[in-house]
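Student: Could you walk me through how to read a protein–DNA complex like this one, feature by feature?
Tutor: Sure, let's put it on screen first.

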Number of protein chains: 4
Amino acid sequence: MEKKHEVKTSVKDENLIEKRRHQMIRAAVTLFKEKGFHRATTREIAKEAGFSIGTLYEYIRTKEDVLYLVCDSIYNEVHDKLSQISAQNGTIEDLKTAIRHYYRVIDDMQDEFVVMYQESKSLPKGALEYVLNKELEMINIFRKILVDCVQNGELRLTEAQTNLYAHTIVVQGQMWAFRRWVLRKEYTLEQFTELQIEFVLNGMGK
Amino acid sequence: MEKKHEVKTSVKDENLIEKRRHQMIRAAVTLFKEKGFHRATTREIAKEAGFSIGTLYEYIRTKEDVLYLVCDSIYNEVHDKLSQISAQNGTIEDLKTAIRHYYRVIDDMQDEFVVMYQESKSLPKGALEYVLNKELEMINIFRKILVDCVQNGELRLTEAQTNLYAHTIVVQGQMWAFRRWVLRKEYTLEQFTELQIEFVLNGMGK
Amino acid sequence: MEKKHEVKTSVKDENLIEKRRHQMIRAAVTLFKEKGFHRATTREIAKEAGFSIGTLYEYIRTKEDVLYLVCDSIYNEVHDKLSQISAQNGTIEDLKTAIRHYYRVIDDMQDEFVVMYQESKSLPKGALEYVLNKELEMINIFRKILVDCVQNGELRLTEAQTNLYAHTIVVQGQMWAFRRWVLRKEYTLEQFTELQIEFVLNGMGK
Amino acid sequence: MEKKHEVKTSVKDENLIEKRRHQMIRAAVTLFKEKGFHRATTREIAKEAGFSIGTLYEYIRTKEDVLYLVCDSIYNEVHDKLSQISAQNGTIEDLKTAIRHYYRVIDDMQDEFVVMYQESKSLPKGALEYVLNKELEMINIFRKILVDCVQNGELRLTEAQTNLYAHTIVVQGQMWAFRRWVLRKEYTLEQFTELQIEFVLNGMGK
DNA sequence: TATGAATGAGCCTTCATTCAT
DNA sequence: CATGAATGAAGGCTCATTCAT
């Protein structure tokens, strides 16, 4: 597990840091979604966040820090939401619930997902590694559910299949965020979810 | 279908345009892959292409034109390669062949795929639409194959399923390009392909 | 003679002012020596001094005030140390003693000397004049000693020579601070001192 | 001997580089003299030089490069001027001529001297070393003249004296540039020169 | 008195684009 | 057609200074 990548701040009040960073992240997501990381200026981010450029830089050191904070915050939020259902007992029903849950999270955080996957390549090396690890953790959540199902006799999968299908489930969920320009025209979230669940379960031999 | 998005040039000689653009695209892919669209400078692109910045601007109008040319060229190359097998007769075997073919193209053009999907959001609006349309065409290739299979009685899918699964097939292929940092460690292209084919066919009820 | 250049403070307690300014000057000399006036930030100065930026500004009005305080303090210290031997009776021996004394002071306060001469140009006009006057006072100390020697018949110098040689003595001492990167390799302070004394006395016709 | 410290340029035409750098150096000396290195902005330098900020940066990489170019150019000019009289035959008269020559150069290039000695501390490490070496070369010019005089029997100096007095001669010349605010009021260059020559020769036992 | 968060003018530097040769 | 020097708008970031607590 990677050590948490720290972002330098010259402010001491922890509560204030929390508050300002929250403002900053909200502003950044809005702007990154609209124009991407590179076209969004630090001045715009500060303004959108409701404070001055000087203040912004009291809480970060480089523009890339903002991106890191955004990615980190999104992953944490996703993790929090997903881990609510992580207590499982290895049934197909659990898997379905988890997928439904995951898809709903993606729907809720569409913009964040798109921003994160589109822009994380601009992170500096250390931060990128940290974020990729978070991605692996997310895949692990599903891998573990699959492993439980296998151990429970609900699914019959090799290890290679287990790993790959965990990725597949995660990726199929991301589709909903990335391809909404076309999928939204044809499916509701519920339709999409149920179709994908059916497909995935069939795919794994029910 | 969108009209082909034109890129202004002040050069008349069509052969020269073709040649220079080819050099330019190769250079741009290399650089975009390495540092992304925004961090690659027009000077670097010109240099990598083997001519001067002045010459570069004889063949394009803006830096975004380079990106457009890159995306367009990649899509065309993919289309060319895929359309070689588009003449089908609606069997499951055809579908498998098409998927294998598609996955091999993705493997061959990993860098190009990643560049295209990561950077196309930086295209100006008109060009973006044109490129998204190309994406739809690609999905259509698979949709048609599925439709053929359905009409042939090889598959039993609703229209909603047909459309969605076309997307799914395309997206699962992209996984190979985007997640190579982790998938490459665990699977060869062949293993990945066969696992995914099995999963997809099962997913669609074989 | 210039009136003492005053530095505004919003603090009343004289003892506190004295104490804080002392801390501040020590900190500033350290930092100016290390990175120069312009590269040292007020924040750093405050931190090095052991209090907050807010407190720093309770005792000064601008960053240049810090520099002024530093220069003023150094000159005062040098004056104090030199004036201990200012009671003279016009012998060559007195001159030698004064020079030895001066050179020792320079050796003790190398960093301060370098800071003062390198950075005083950044003083605001009024403060600069005040400081230049202090420099003249220092030259006067030696001029007076020379005048005494002349009146005593120990030296035979025109007024023009007296003035110039006072400068020369002062400047040759500064050499020890400014050129220590090379002089230190070849001479000890004592060797340097005696060689220069011999040179100066010969120079003035013994 | 240090290798010449190179300054990157993106311009290829050597003549143009020469010309532009000359403009740039003239502009920089003017501004550095007036407000010092740190207070002079790159925009001001470009404007004073007669071209745009963009053009300035075609010929340098950082602001410190400008300072380096200034220092290098000054040293070279001084060297060129001094080396015209470097062919000596070891007489006291040669020494006098060299000193007169040197003092005239200092008088001609007062501003440049002051700028160089005041600001060179802001050079990046590598460049600073290179420039300090130039300073040593200058001292060497006088050291060699002294050595010649000693070998010729015109002067009787130990090696320690020879080295130190070379420094002293150089430093006494710099006085004229640094203390002109006071020396100019009392002496003409000629008076200053002759007094110092007399002093130096006496100092070395005639 | 002491603190430190907030401010924003201003600096250095980059880079897409133009145009004279 | 090709070249590359010139341009300047714009961006990231710093830091002296202020002021509410």
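Tutor: We'll go from a single chain to its domains, then to the chain contacts and the DNA.

Student: What should I know before I start?
Tutor: This is a predicted model, where local features need pLDDT of at least 70 and side-chain atom pairs count only at pLDDT 80 or more, while totals for chains, interfaces and linings use all residues. Residues are numbered from 1 along each chain as its sequence is written, chains are lettered from A and ligands numbered from 1 in the order in which they are written, and side-chain values use heavy atoms, with hydrogens and water left out.

Student: How many helices and strands does chain A have?
Tutor: Helices (H or I, at least four residues) and strands (E, at least two) are DSSP runs, numbered from the N terminus. Chain A has 10 helices and 0 strands, so by that definition its pattern along the sequence reads α-α-α-α-α-α-α-α-α-α. Its C-alpha atoms fill a box of roughly 60 × 40 × 25 Å along the principal axes.

Student: Into which domains is chain A divided?
Tutor: Domain bounds come from an automatic or database domain assignment. Here that gives domain 1 (7-61) and domain 2 (64-204). The C-alpha centres of domain 1 of chain A and domain 2 of chain A lie 27 Å apart. Contact means heavy atoms within 4.5 Å, and this one takes 14 residues from domain 1 of chain A and 13 residues from domain 2 of chain A.

Student: How do I put a size on an interface like that?
Tutor: The usual route is the accessible area lost when the parts come together. Buried area here is that loss with a 1.4 Å probe, summed over both parts. Domain 1 of chain A and domain 2 of chain A bury about 1300 Å² between them, with 81% of it on carbon and sulfur atoms. A:I25, A:V29 and A:F37 supply 41% of the area that domain 1 of chain A buries against domain 2 of chain A, more than any other three residues.

Student: Which side chains form the salt bridge between these domains?
Tutor: A salt bridge is a side-chain nitrogen of Lys or Arg within 4 Å of a carboxyl oxygen of Asp or Glu. The count between domain 1 of chain A and domain 2 of chain A is 1, and the side chains of A:K33 and A:D111 meet in a salt bridge at 2.9 Å, N to O. Helix 1 (residues 14-39) of chain A gives the most to domain 1's side of this contact, with 10 residues.

Student: Now chain B against chain A: how many residues does the contact take from each?
Tutor: It takes 41 residues from chain B and 40 residues from chain A. The area buried between chain B and chain A is about 3500 Å², and carbon and sulfur atoms give 62% of it. B:L164, B:R179 and B:F199 supply 19% of what chain B buries against chain A, more than any other three residues.

Student: And the polar side of that contact?
Tutor: There are 6 salt bridges between chain B and chain A. The side chains of A:K121 and B:E119 also meet in a salt bridge, at 4.0 Å, N to O. A polar contact is a pair of N or O atoms within 3.5 Å; within protein, one must be able to donate a hydrogen and the other to accept it, and residues adjacent in sequence count only if both atoms are side-chain atoms. Chain B and chain A have 18 residue pairs in polar contact, both at pLDDT 80 or more. Helix 8 of chain B gives the largest share of chain B's side, 12 residues.

Student: Which chains do not touch?
Tutor: Chain B and chain C are one such pair, with nearest C-alpha atoms 30 Å apart. No contact joins chain A and chain D either, and their closest C-alpha atoms lie 20 Å apart.

Student: Which residues come nearest to DNA strand F?
Tutor: A residue is near a strand if one of its heavy atoms lies within 4 Å of it. Of the 42 residues around DNA strand F, A:Y57, D:R20, D:R43, D:T55 and D:Y59 come nearest. Helix 3 of chain D gives the most to this surface, with 5 residues.

Student: Where does the protein meet bases, and where phosphate?
Tutor: Of the atoms of DNA strand F within 4 Å of the protein, 63% belong to sugar or phosphate and the rest to bases. On the base side, a polar side-chain atom of D:R43 lies 2.5 Å from a base nitrogen of DNA strand F, and a side-chain N or O atom of A:R43 is 3.2 Å from a base nitrogen of that strand. For phosphate, a backbone N or O atom of C:K63 lies 2.7 Å from a phosphate oxygen of DNA strand F.

Methods: Buried area = accessible area lost by both parts, 1.4 Å probe.
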